[in-house]
Amino acid sequence: MVYLDANATEPLRPEAHAALVAALAVTGNPASVHGAGRAARRLLEDAREQLATRFGAAPADVVFTSGGTEADALAIHALGRDRQLIVGATEHEAVRSAALSANVLPVDRDGVADLDALARLLEAGGPALVCLMLANNETGTLQPVAEAAALCRRHGALLHVDAVQAAGRMPVDLRSLGAHALAVSSHKLGGPAGAGALLLAPEVSALAPLIAGGGQERGRRGGTPPVATIAGFAAAAATAGDASPLAALRDRAERAAIEAGAVLCGAHAARLPNTTSLALPGVRADAQVIALDLAGVAVSAGAACSSGKVATSHVLTAMGLGPLAGQAIRVSLPWNATAADVDAFAAAYARMADRLRPALARPAA
Ligand code: PLP
């Protein structure tokens, strides 16, 4: 199997595996006062410090969660209270479903948020919480988050950044972005699934919990933390950080697909180096995913297809791509992708396109 679905989940990094296995040998609960508890607490606090350093926050301002979805939900629940919500049109469901009555911030044809529209929304309404992702999960498009943060601060608004796909692939630093909150997820950067974190700016760090429980995480997230998983998360975050060497492989995959008839979505935007969104006019995304899977190549449809329905990507729809929004696959290279993987993809894609493209879309023989 050639695995090109890193944005769904990255392969576990060896450093994360080693840290996870070592930490599993520690028995204590970090809330316990005895020696075993203290040993677990040391692991937890070491991990907190590593993540704080990596992503530009104070250790006390790192709140561990079960993953990116919970980190987004916590930020919106706590920081969005009594504020109007403004949410980028291409945000992940983790944000959209937690911010149901939000004003939508439009994007251009490459998926980049319209900051003039943001300024107008901030001027028109009362105090706001803005949610803008750093990198899109389907297209890899990067958002002008630092500029949005400056705009938000000028208007007394808060900015929450979903950095789930960016973290581990490009520099991510809460302080230098100027945002108020930032969500990251372990399994998206080569750690084990089941842990994430919300990093907070000092002025909002005392936030109300979504799950109160036993007051863990300074009262901001109840529940016994999964110490070994978090140790693996921190080790992965310390190792990951720059996916730019993948850009050449990604570009090669793109060139091969375009040669076979694909249209590149978000072509003119700054993008994550590992991600590409490729539409094949006239061919449903799920048919492409199945054909590639049968050829031994794992990619995903632009939008997750649940309950057997044919999904149309809200991301590509917001970019104005019309029917192509149901005809795009996402290819996302993992940290350990090789040239051989890309060659296998290129060959499988060309065969798939040749078989599935409607006759009208093919060049004349
Ligand atoms: N945000 C983005 C941009 C994502 O791509 C994802 C997962 O695909 C999430 C949030 C949710 O993260 P998790 O799977 O850790 O809950």
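Into which domains is the protein divided? In this predicted model, there are two to select: domain 1 is made of residues 2–9 + 243–359, and domain 2 covers residues 14–239. Give each domain its own colour before going on.

Start with the two domains as wholes. Their centres, taken over C-alpha atoms, are separated by 27 Å.

Next, select the residues where the domains meet. On one side are 30 residues of domain 1, in contact with 26 residues of domain 2. How much area do domain 1 and domain 2 bury between them? The figure is about 2,100 Å², with 54% of it on carbon and sulfur atoms. Now show L272, H314 and M319 as sticks. In domain 1, these residues lose the most area to domain 2, and together they make up 28% of what that side buries.

Then look at the contacts across the interface. A search for salt bridges between domain 1 and domain 2 finds 0. Polar contacts are another matter to check: 16 residue pairs are in polar contact between the two domains, counting pairs with both residues at pLDDT 80 or more.

Stay on the side of domain 1 that touches domain 2, and select β10 (275–279) and α12 (314–318). These are the elements that give two or more residues to that side. Which element gives the most? Helix α12 does, with 4 residues.

Last, colour the residues on this side of domain 1 by class. The side that touches domain 2 holds 15 nonpolar residues, 13 polar residues and 2 charged residues.

Technical notes: Residues are numbered from 1 along each chain as its sequence is written. This is a predicted model: local features need pLDDT of at least 70, side-chain atom pairs count only at pLDDT 80 or more; totals for chains, interfaces and linings use all residues. Side-chain values use heavy atoms; hydrogens and water are left out. Domain bounds come from an automatic or database domain assignment. Contact means heavy atoms within 4.5 Å. Buried area is the accessible area (1.4 Å probe) that two parts lose on being put together, summed over both. A salt bridge is a side-chain nitrogen of Lys or Arg within 4 Å of a carboxyl oxygen of Asp or Glu. A polar contact is a pair of N or O atoms within 3.5 Å; within protein, one must be able to donate a hydrogen and the other to accept it, and residues adjacent in sequence count only if both atoms are side-chain atoms. Ala, Val, Leu, Ile, Met, Phe, Trp, Tyr, Cys and Pro count as nonpolar, Asp, Glu, Lys and Arg as charged, and the others, Gly among them, as polar.
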